[in-house]
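Please find below my comments on the structure, set out as numbered points. Each point takes up one part of the chain.

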Amino acid sequence: PRVTDNDSPVLTDEGRVAFYREQAKGLKADDINYHGLRVHAVEGLHDMVGDIAVAEFPKGCEVLDVASGSGAMCLRLQEAGYKMTGCDMVEENFQLKGKVPFQALDLNTEFSKTIGRLYDAVTATEIIEHLENPRQFLRQCFACLKPGGKLLLSTPNLETALSKAMYVTSAAAKWYTDRDYMDYGHITPMPLWVLRKALLEAGFKIERVTSQGEYTGPWKGWREMQILTKLFRFLDRANSPQGDILIILAQKPAQA
């Protein structure tokens, strides 16, 4: 039977937090992990973000990792010599207490006031799509950075030919289906054009845009989807990044 707008299930704040708390209950056999800490991202994303951080952040600088989850990114960058601080809404997810400073906070708020200090860099992997106000989040990241500090963030990529083909055929882009909404809390799609504008509005200078990963799920064998995907790739004149996940490096101006 057809589901009407009023029948469509919605995600409550309590349901969202309950999902994150469920993730803290232990590592499953098929979970992506870093030294036993669950990685809440697609395979290879943390590796690429970590490599960019090591190449772009000053050696040994102070880094704030927002939405730290289990602490996998914190541990990765701490091992690379950075002075890490983690933060997350669900405190019990974080597995590095006593080893890495941690602060529990809601990223939908003006969290820079709660943090109350400045960092050389901020990492924000796979969080902006979960938030109610991405522009406020970017302004808060800007406020947490020292002049010249860098923000490294990632979010699902709406620019891929496959994502566009999915939207045309189902009115739901890749990573933003009803399941992604209900199960993973993907509530705010951020096309690259909008994300660029939001970063500039917040005061950032965009230094690098890249992407990571290739989707190999059930659509790969669907002939009509293959044809439509190839068509969107042919029509793309913007040289859109085609990896599953967008990764953007931005800098707070030194004179800010």
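1. Is the crossing of helix 5 and helix 8 left-handed or right-handed? The crossing of these two helices is right-handed; that is, the near helix is turned clockwise from the far one by less than a right angle, whereas an anticlockwise turn would be left-handed. Helices are DSSP runs of H or I with at least four residues, strands are runs of E with at least two, and both are numbered from the N terminus.

2. The model is a predicted one, in which local features need pLDDT of at least 70 and side-chain atom pairs count only at pLDDT 80 or more, while totals for chains, interfaces and linings use all residues. Residues are numbered from 1 along each chain as its sequence is written, and side-chain values use heavy atoms, without hydrogens and water.

3. In the contact between the two helices (heavy atoms within 4.5 Å), helix 5 contributes R135, L138, R139 and F142, and helix 8 contributes V194, L195, A198, L199, E201 and A202. By class, this contact has seven nonpolar residues, three charged and no polar ones.

4. In helix 1 (residues 13-23), R16, V17, Y20 and Q23 are buried, meaning under 20% relative accessible area with a 1.4 Å probe and protein chains only; over 50% is exposed, and in between is partly exposed. Viewed down the axis of helix 1, its buried residues fall within an arc of 110°, so they line one face of the helix. They pack against strand 2 (37-38) and helix 7 (178-184).

5. T188 is in the loop between helix 7 and helix 8. T188 counts as buried because its relative accessibility is 14%.

Note on methods
Nonpolar A, V, L, I, M, F, W, Y, C, P; charged D, E, K, R; others polar. Arc of directions from axis to C-beta.
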